Amino acid sequence: MKIFITGASGFAGSCIAEFFLKKKYKVIGSFYNNPIKIKHIRKLKLILTKKILIKDNIDTIIHCASRTPVNCKNSSFIFNQNVKMMKNLLDLSSRKNVKNFIFLSSVSAYGKINKKTLFENNRSINPNRYGQSKIICENLLYDYAKKQKSFKFLSLRLPIVVGKGSHSNFISETTKKIINNDQIKASNKSSYFNNIIFIDDLSKFLLNYLKYKNCKFLYVNVASFNKMKISNVINYIYQRLKRKKNIEWSKSKSPAFCINFRNALKCGFKPSSVKNSLKKYTSLYL
């Protein structure tokens, strides 16, 4: 099986690419600005918002590349770029007769979350342009799959993904501040949290999905089990890194939520506990 991974120089894309290489898969990785540092991978510098020309045959696409509010401040540009990338990847899928497509979506697709537990069938409420782009991309996948009966896709609505090189999320930024002995500002002290997945657990799920093809769902949430209170999450990071606590708690306008991932479990997802996800992540700094 030959796998094409977009955004293979970024955090998630590079980790997933390395994982599949270790499993002896043939991997093609695309990048644009930052070169891919992985060895033994076919590297292609591509502009995904233009027609994608690849000589190789491709069985599977794992779409990790994305414009986000972190790497771009123009919300309309984020939306247009993400949608263009998906359209071009589906054009490539048609020309290369791609059989499997995995899309790294986001819980941002749900918009404003006002429930304590998030399910896949929750209605999207006022998502920002980034979240809207994820919804449109999922719709494009769905419409394409209806026309191509041999084409199968899975959209993963991701929570916080942590691992070597992760950044710009609650856990990664909190960990960075604790390492630097900076003050932590946090809210929802007594609320429960499972909005995290370690990158290796995500990669293993992708492998399982491609090997066994036993998932009947098109969109799934993933997260960790054995939820923890947010206060305990932060205290555990302090404990693991052996730093003195320096936390300022405040009230939040946004309620906390936990993620239900029972559909992913039916597809072979084997999550870690929240504590174990944190343990594996903080081990990278010990």
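User: Before anything else, how many positive and negative side chains does the chain have, and how far apart are the centres of the two sets?

Analyst: In this predicted model, the chain carries 55 positive and 12 negative side chains, and the centres of those two sets lie 2 Å apart.

User: OK, and what is it built from in terms of helices and strands?

Analyst: The chain contains eight helices and 15 strands.

User: What about overall dimensions, and how does the radius of gyration sit with a compact globule?

Analyst: A compact globule of 286 residues would have a radius of gyration near 19 Å, and the chain agrees with that because its own value is 19 Å. Taken along the principal axes, the C-alpha atoms fill a box of roughly 55 × 40 × 40 Å.

User: How much of the chain counts as buried, and what does the accessible surface come to?

Analyst: Of the 286 residues, 52% count as buried, while the accessible surface comes to about 14700 Å², with 48% of that belonging to carbon and sulfur atoms. As for contacts with a separation of 6 or more, 76% of them are between residues 24 or more positions apart.

User: Switching to H6, is that helix mostly covered or mostly open?

Analyst: Helix H6, residues 230–241, is mostly covered, since nine of its 12 residues are buried by the cut-off of under 20% relative accessible area. The buried ones are Ile230, Ser231, Val233, Ile234, Tyr236, Ile237, Tyr238, Arg240 and Leu241.

User: Which elements do those buried residues pack against?

Analyst: They pack against two helices, H4 (170–179) and H8 (274–282), and against the strands S9 (184–187), S10 (192–193), S13 (228–229) and S14 (247–250).

User: And what is its span, end to end?

Analyst: From its first C-alpha to its last, H6 reaches 17 Å, which is close to the 16 Å expected at 1.5 Å a residue.

User: What happens to the backbone just after H6?

Analyst: Lysine 242 comes just after H6 and takes a positive phi of about 55°, although lysine 242 is not a glycine. Most residues other than glycine have a negative phi. Lysine 242 is found in the loop between H6 and S14, and it counts as exposed because its relative accessibility is 75%.

User: What about asparagine 226, where is that and what is its phi?

Analyst: Asparagine 226 sits in the loop between strand S12 (219–221) and S13, and it has a positive phi of about 55° without being a glycine. At 53% relative accessibility, asparagine 226 counts as exposed.

User: Now the other end of the sequence: is glycine 29 buried or exposed?

Analyst: Glycine 29, in strand S2 (residues 26–31), is buried, with a relative accessible area of 0%. Leaving aside neighbours within four places in sequence, glycine 29 is in contact with Ile5, Ala8, Ile36, Ile41, Arg42, Lys43 and Leu44.

User: How far is glycine 29 from asparagine 122?

Analyst: Their C-alpha atoms are 34 Å apart in space, and the two residues are 93 residues apart in sequence.

User: Last one, where is serine 9, and which residues does it touch?

Analyst: Serine 9 lies in the loop between strand S1 (2–6) and helix H1 (11–22), and it is partly exposed, with a relative accessible area of 27%. Not counting residues up to four places away in sequence, serine 9 touches Ser14, Ser30, Phe31, Asn34, Pro35 and Ile36. For serine 30, which is 21 residues away along the chain, the separation from serine 9 is 7.6 Å between C-alpha atoms.

Key. Residues are numbered from 1 along each chain as its sequence is written. This is a predicted model: local features need pLDDT of at least 70, side-chain atom pairs count only at pLDDT 80 or more; totals for chains, interfaces and linings use all residues. Side-chain values use heavy atoms; hydrogens and water are left out. Helices (H or I, at least four residues) and strands (E, at least two) are DSSP runs, numbered from the N terminus. The radius of gyration is taken over C-alpha atoms; the globule rule is 2.2 Å times the number of residues to the power 0.38. Buried means under 20% relative accessible area, exposed over 50%, partly exposed in between (1.4 Å probe, protein chains only). Contact means heavy atoms within 4.5 Å. Accessible areas come from the Shrake-Rupley method with a 1.4 Å probe; for residues, only the protein chains shown count as cover. Lys and Arg count as positive and Asp and Glu as negative; His and the chain ends are not counted. The place of a charge is taken as NZ of Lys, CZ of Arg, CG of Asp or CD of Glu. The expected span of a helix is 1.5 Å times one less than its number of residues.
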